Amino acid sequence: MTDIDWSKPRLRANGIRKNYDERVVLGGVDLEVYPGQIVALIGSSGSGKSTLLRCLNLIEQIDDGQIWLEDQDISAPEVDQDLVRQEIGLVFQSFNLFAHLSILDNITLALRHVQGKSKEEAESIALRWLDRIGLADKSHSYPDKLSGGQQQRTAIVRAVALNPKLLLLDEVTSALDPELVGEVLELIRDLKQSGTTIVMATHELSFARDVADWVIFLDKGVIAEEGEAVEFFRNPREARTKEFLARLSGR
């Protein structure tokens with residue numbers, strides 16, 4: 001097993017800027033994520049949360065700044081972005097499962113064709129994960145036979161099965177009916193217990209308070225406030241943060 005330096009950031013971003021034409025979406029964002037840590041991104045729609053995640057995964061090209069994954073500057077022009085994306089999993093609010101593939105094949109596809117694992121090894125990994133989330137009996141079902149919560153858990157497991165150094169979750173509960181949200185949040189809680197490093201954009205504030213180690217409040221593309229989760233929610237400093245939290249909590 002690889003030794004982990006828990007004191008060294010798994011991911012570090014400095015001065016991330018992203019514009020769409022004349023519109024500034026990210027106006028200079030810094031963040032550090034340590035091994036085994038969960039960082040929650042909160043903020044209104046359009047605050048830059050999803051764009052930041054896509055920049056960290058290199059789906060979006062940044063206009064300025066640097067992104068480091070451990071010791072590698074992954075924002076450097078010469079970097080093989082496909083190799084980097086094998087190390088950083090990204091799960092969207094839309095499940096993005098392949099409709100023509102079974103749940104088992106959805107999970108094993110990248111294990112076999114990207115990581116080069118044998119069919120037997122890939123299926124062993126997939127079935128272990130499906131058993132862990134209570135879906136082993138659905139392994140040969142197709143996505144349209146699963147509930148939204150089951151599909152989203154499958155999408156998360158598909159990313160985690162590749163053993164990425166970092167998992168990015170983009171509002172993974174927002175497309176779900178309220179009664180299905182708990183299933184997905186429980187999986188994220190389980191991943192935290194197993195030491196998975198996660199950055200998640202979420203509007204589930206109570207969950208962020210309970211599970212996240214660090215919270216970042218994005219407002220108009222910049223970090224308006226950040227801090228340890230318990231203190232952040234208990235004692236927000238900025239007026240804008242207090243207003244946002246009060247509005248979402250319905251107080």
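**Exercise 1.** Which residues are exposed on the other side of helix 6? Work it out on this predicted model, starting from the buried side.

*Solution.* Start with the helix itself: helix 6 has 16 residues and reaches 24 Å from its first C-alpha to its last, close to the 22 Å expected at 1.5 Å a residue. Next, pick out its buried residues, which are Leu180, Val181, Val184, Leu185, Leu187, Ile188 and Leu191. Looking down the axis of helix 6, you'll find them within an arc of 155°, so they line one face of the helix. Now flip to the other side of helix 6: there, Glu179 and Gln193 are exposed.

**Exercise 2.** Find what the buried residues of helix 6 pack against, then follow Ile188 to its contacts.

*Solution.* The packing partners are strand 3, helix 4, helix 5, strand 7, strand 8 and helix 7. Zoom in on Ile188: leaving out residues up to four places away in sequence, Ile188 touches Ile38, Leu169, Val172, Ile198, Met200 and Phe207. Then zoom out to the largest nonpolar core, with 49 residues, where Ile156, Leu167, Leu169 and Ile188 have the most contacts. Helix 6 gives this core its largest share, seven residues. Another core, of 29 residues, lies apart from it and includes Val33, Ile62, Val84 and Leu90.

**Exercise 3.** Is Asp219 buried or exposed?

*Solution.* First, place Asp219: you'll find this residue in strand 9. Then check its relative accessibility, which is 16%. Buried means under 20%, so Asp219 counts as buried. Finally, list its contacts beyond four places in sequence: Asp219 meets Ser47, Ala224 and Arg240.

How values were computed
Residues numbered from 1 in each chain as written. Predicted model: local features only at pLDDT ≥ 70, side-chain atom pairs only at ≥ 80, totals over all residues. Heavy atoms only, no water. Core = buried A, V, L, I, M, F, W, Y, C linked by side-chain atoms within 4.5 Å. Buried < 20%, exposed > 50% of the residue type's maximum accessible area, 1.4 Å probe, protein only. Helix = DSSP H or I, 4+ residues; strand = E, 2+ residues; numbered from the N terminus. Contact = heavy atoms within 4.5 Å. Expected span 1.5 Å × (residues − 1). Arc of directions from axis to C-beta.
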